[in-house]
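This report describes the fold of one protein chain. It takes up the domains, the sheet, the backbone and one pocket in turn.

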Amino acid sequence: MQNKRPKENVNIKSNRKPIRVGISVGDINGIGPEVIIKALRNTEILAECTPIIYGSTKTMSFHKKAIGDDLFNYQRVTDAADAIDRKVNIVSCWNEVVEIQLGKANEIGGKYAFLSLEKATQDLAAGKIDVLVTAPISKETIHSAGFKFPGHTEYLADLSGKEDALMMMVSGELRVALVTSHIPLKQVIEEVTQDKILAKIQELNKSLKKDFGIIRPRIAVLGLNPHAGEKGEMGTEESEQITPAIQKAMEEGIVTFGPYPADGFFGSRQYASFDAVLAMYHDQGLTGFKSLAFEDGVNFTAGLPIVRTSPDHGTAFDIAGKGDANEQSMRSAIYLAIDVYRKRKFIKEINENPLPKRTVREEKKSKFF
């Protein structure tokens with residue numbers, strides 16, 4: 001079922017400085033441009049941000065016409081530094097007319113997805129945009145264009161000078177992070193080590209504090225095997241790798257519990273008792289997450305100095321250009337990027353200027369005591 005069309009010319013004012021949100025268009029043959037158009041055509045979102053789309057006006061016009069949209073307005077700028085606040089801006093990353101073939105997975109789609117992403121990340125590094133939101137790419141087509149990473153997460157980790165980043169799916173209070181992400185299932189067992197699990201728990205704990213403002217996070221850790229190993233009957237990874245990592249995290253003061261069997265954990269809504277869940281591999285975490293929050297879920301790359309989010313869905317070539325794509329996940333990705341950016345800035349400011357410690361006598365004199 002499609003969302004209701006937004007009202008035209010809705011003007012919402014805000015006293016806060018708008019966040020400059022860079023948006024890569026993803027595969028131009030998929031639904032990326034469509035969900036961007038739908039997410040930004042309601043001007044309420046412009047109260048909080050200045051969207052800067054990396055693509056071309058011709059490409060966005062093509063998609064706008066394909067879905068019969070008459071509400072999405074934008075302006076072209078040659079440089080993101082010239083973007084006008086609270087307006088939708090498009091930075092042209094290419095000037096040639098591109099043959100867009102909606103629904104087709106081909107090298108053309110991969111080439112321009114890569115060009116868009118490269119320009120957006122360059123501007124992010126240069127401080128021309130504050131955060132990055134990435135529309136879906138096709139791994140197959142972008143690899144054919146010379147992209148040598150499994151996905152956005154690994155690409156951005158490399159650009160940030162980090163060996164690894166933490167992939168986290170977010171929908172409201174539901175947060176699911178992964179120990180391993182874009183690797184074949186047969187490699188998962190050798191990657192699920194005590195050291196790696198502990199490092200992911202530590203990174204997740206930091207992100208929950210820095211990016212979400214949770215003072216003392218509660219983290220649940222899933223097992224690897226069915227029934228979390230059933231006390232060694234169905235595998236020993238829980239007793240040899242996962243449980244020792246949890247114990248070390250607890251010794252460091254990180255509130256960590258588990259390992260839990262994944263099926264019962266999600267099925268019984270046990271996740272509601274925790275601030276985040278750490279899954280061992282991609283489908284273990286994302287199957288549970290997307291079953292609960294597919295339409296508004298967001299992929300957040302934690303553990304990096306920059307803020308990057310994306311919708312939790314793919315290119316959806318089968319519905320490209322039909323006007324059927326749901327934009328809620330893209331909208332949620334934009335808002336989450338804004339929220340995390342502001343949260344990081346706030347926490348940094350209060351830590352730079354902490355309140356001086358007061359004596360008990362001074363506390364008793366305080367009218368707020």
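How far apart do the C-alpha centres of domain 1 and domain 2 lie? In this predicted model, the C-alpha centres of the two domains are separated by 28 Å. The domain assignment gives domain 1 as residues 16-165 + 304-349 and domain 2 as residues 166-300. Across the boundary, 25 residues of domain 1 are in contact with 24 residues of domain 2.

**The sheet**

An open sheet is formed by 12 strands, with mixed pairing, in the order β3-β4-β2-β1-β5-β12-β11-β6-β7-β10-β8-β9. Its edge strands are β3 (75-77) and β9 (255-260), each of which pairs on one side only. From one strand to the next, the twist averages 25 degrees.

Three of the strand pairings are set out below, each with one bridge between named residues.

| Strands | Sense | Bridges | One bridge pair |
|---|---|---|---|
| β1 and β2 | parallel | six | Ile19 and Cys49 |
| β5 and β12 | parallel | two | Val133 and Thr309 |
| β11 and β12 | antiparallel | three | Val298 and Pro311 |

Strand β12 thus appears in two of these pairings: with β5 in the parallel sense and with β11 in the antiparallel sense. Strand β1 covers residues 19-24 and strand β2 covers residues 49-55.

Two helices that pack on the sheet can be described in the same terms. Helix α3 (residues 107-125) touches β1, β2, β4 (89-92) and β5 (131-134). The direction of α3 makes about 165 degrees with that of β5. Helix α11 (residues 328-352) touches β1, β2, β5, β6, β11 (298-302) and β12. The direction of α11 makes about 165 degrees with that of β12. Strands β1, β2 and β5 are therefore among those touched by α3, and they are also among those touched by α11.

**Backbone features**

Most residues other than glycine have a negative phi, and most peptide bonds are trans. Against that background, three places in the chain deserve attention. Gly258 and Pro259 are joined by a cis peptide bond, with omega about 0 degrees. Pro259 belongs to strand β9, which is one of the edge strands of the sheet. Arg269 is not a glycine, yet has a positive phi of about 60 degrees. Arg269 is found in the loop between α9 (262-267) and β10 (276-279). Gly303 also takes a positive phi, near 85 degrees, in the hairpin of β11 and β12. That hairpin has five residues between its strands.

**The second largest pocket**

Which residues lie nearest the centre of the second largest pocket? They are Lys139, His182, Asn299, Pro311 and His313, out of 21 residues that line the pocket. Of these five, Pro311 is the bridge partner in β12 of Val298. The space in the second largest pocket comes to about 320 Å³.

By residue class, the lining comprises six nonpolar, 11 polar and four charged residues. At least two lining residues come from each of α5 (152-159), β6 (166-171), α10 (282-293) and β12 (308-311). Domain 1 and domain 2 each contribute at least three residues to the lining. The pocket thus draws on both domains, whose C-alpha centres lie 28 Å apart.

Definitions and conventions
Residues are numbered from 1 along each chain as its sequence is written. This is a predicted model: local features need pLDDT of at least 70, side-chain atom pairs count only at pLDDT 80 or more; totals for chains, interfaces and linings use all residues. Side-chain values use heavy atoms; hydrogens and water are left out. On a 1 Å grid over the protein atoms alone, a cavity is a set of points where a 1.4 Å probe fits but cannot get out, and a pocket is an open set with protein on both sides within 12 Å along at least five of seven lines; lining residues have an atom within 4 Å of a point. Grid points are joined across faces, edges and corners, and a volume is the space filled by probe spheres set on the points. Helices (H or I, at least four residues) and strands (E, at least two) are DSSP runs, numbered from the N terminus. Ala, Val, Leu, Ile, Met, Phe, Trp, Tyr, Cys and Pro count as nonpolar, Asp, Glu, Lys and Arg as charged, and the others, Gly among them, as polar. Domain bounds come from an automatic or database domain assignment. Two strands pair if DSSP finds at least two bridges between them. Axes are lines fitted to C-alpha atoms, for helices over the stretch in contact, and angles run from 0 to 180 degrees between N-to-C directions. Contact means heavy atoms within 4.5 Å.
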